[in-house]
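Student: I would like a close look at one helix packing in this model, with the criteria behind each term spelled out. Please start from the geometry and work outwards to the surroundings.

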Amino acid sequence: MMRNVFVLLTFLFGISCQAQKIKLIIDADTGNEMDDMYAIVRALDSDDFELLGLVSAHFNNPQMVTDSMWHNYSTKNINTVELSQRENEQLLLEVNRSQIPHPQGCEKMVGFAWGFNHGTPVQYSEGVDFIITEAKKASPGNKLDIACLGPVTNVAAAILAEPDIAKNIHLHILSMKYDPETGVWNKNEFNARNDLNALDIVLDCTDLELSIISGQVSGQLVFERKETQKRLSVYNNKISQNLLTRWDFVNAGERWIMWDLALIESIIHPELAKTEMVLTPPENLQRKVEVYTDIDEKKMEADFWESYQRLMEKLH
């Protein structure tokens, strides 16, 4: 009798744990630099959440008008979201995870370069539709987590199209600069400036749970070229080779800040980060949002390489 009760309790506990498992979508401008790839690879190993999908994001479109090259890409006739989409598809193929949905996101910012007015037609993309579909399956008590590693265009477009989904989403973003001592925000940051309209939309959305890691805090996580190449060279496979060659493709130099990886590590291991609730920037609707104020970058780096080893063992 006691054994039957124990089995039943174990079964019910398992169901409870499964019900509480985080459901995560990663939205990434993977074609831009290289830390997106490391962040995505880290997420593929986690047992703490279910990676529902990988949505591609655009990047740096205004700069492409003036520059002839971006990293090793020619900017002539460039479509940045297609570059991100291509890298996402290649990465998932290399780790045998192509079954994970990977829809393409929006090609450009929400609204116009001069700003956004409510009533402006909302961009459509497969990525936006995917976010809406998954958010409708969630609820305020069991939210869909979305990590935006680039501009927040796709999520903002999804909320504009279906405002009711905002209450079902916990959005994690890498954006802006924030000084915890003065409480001063600064939107002069790459991801923020790639779609200021979308950023204002998510900041002003009171139904949306929002967590933000700033450029300064995520900037604490730095990988050294020699050490990274040494660790990746141990594995003779396509994904390791891709991560190796990407370093030179984006002209990363001897050290590279792993901004995007810091955000994913903070979601997987909240004990490695400190947060506080602060008011949004003064030009936005005033509400409290969660902001990361510090991370344990050494433990995050160690965790990445432990995770990478596990992932490599699964591939063999």
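Are α2 and α11 roughly parallel or roughly antiparallel to each other?

Tutor: This is a predicted model, in which local features need pLDDT of at least 70 and side-chain atom pairs count only at pLDDT 80 or more, while totals for chains, interfaces and linings use all residues. Residues are numbered from 1 along each chain as its sequence is written, and side-chain values use heavy atoms, with hydrogens and water left out.

Helix α2 covers residues 35-45 and helix α11 residues 238-249 (helices are DSSP runs of H or I, at least four residues, numbered from the N terminus). The two pack with their axes 10 Å apart and at an angle of about 155 degrees, taken between N-to-C directions on a scale from 0 to 180 degrees, with the axes fitted to C-alpha atoms over the stretch in contact. The two helices are therefore roughly antiparallel (over 145 degrees; under 35 is roughly parallel, 65 to 115 roughly perpendicular, the rest oblique). From α2, the residues that make the contact are M37, Y38 and V41, and they meet I239, N242, L243, R246 and W247 of α11 (contact means heavy atoms within 4.5 Å).

As for the surroundings of α2, 11 of its 11 residues are buried, so this helix is largely enclosed by the rest of the structure (buried is under 20% relative accessible area, exposed over 50%, partly exposed in between, with a 1.4 Å probe and protein chains only). The buried set takes in the contact residues M37, Y38 and V41, and it also includes D35, D36, R42 and D45.

On the side of α11, S240 lies in that helix and, with a relative accessibility of 0%, counts as buried. Apart from its neighbours within four places in sequence, S240 touches L232, Y235, Y308 and M312. Y235 and Y308 lead back to α2, since both belong to one aromatic cluster together with Y38, F223, F304 and W305 (rings of Phe, Tyr and Trp, the last by its six-membered ring, pair if their centres lie within 6.5 Å). Within that cluster, F304 and W305 are both buried.

I239, which takes part in the contact with α2, also lies beside a residue from another helix: its C-alpha atom is 8.9 Å from that of L93, although the two are 146 residues apart along the chain. L93 belongs to helix α4 (residues 80-94) and, at a relative accessible area of 51%, is exposed.

Technical notes: Phe/Tyr/Trp six-rings, centres within 6.5 Å; stacked < 30°, edge-to-face > 60°.
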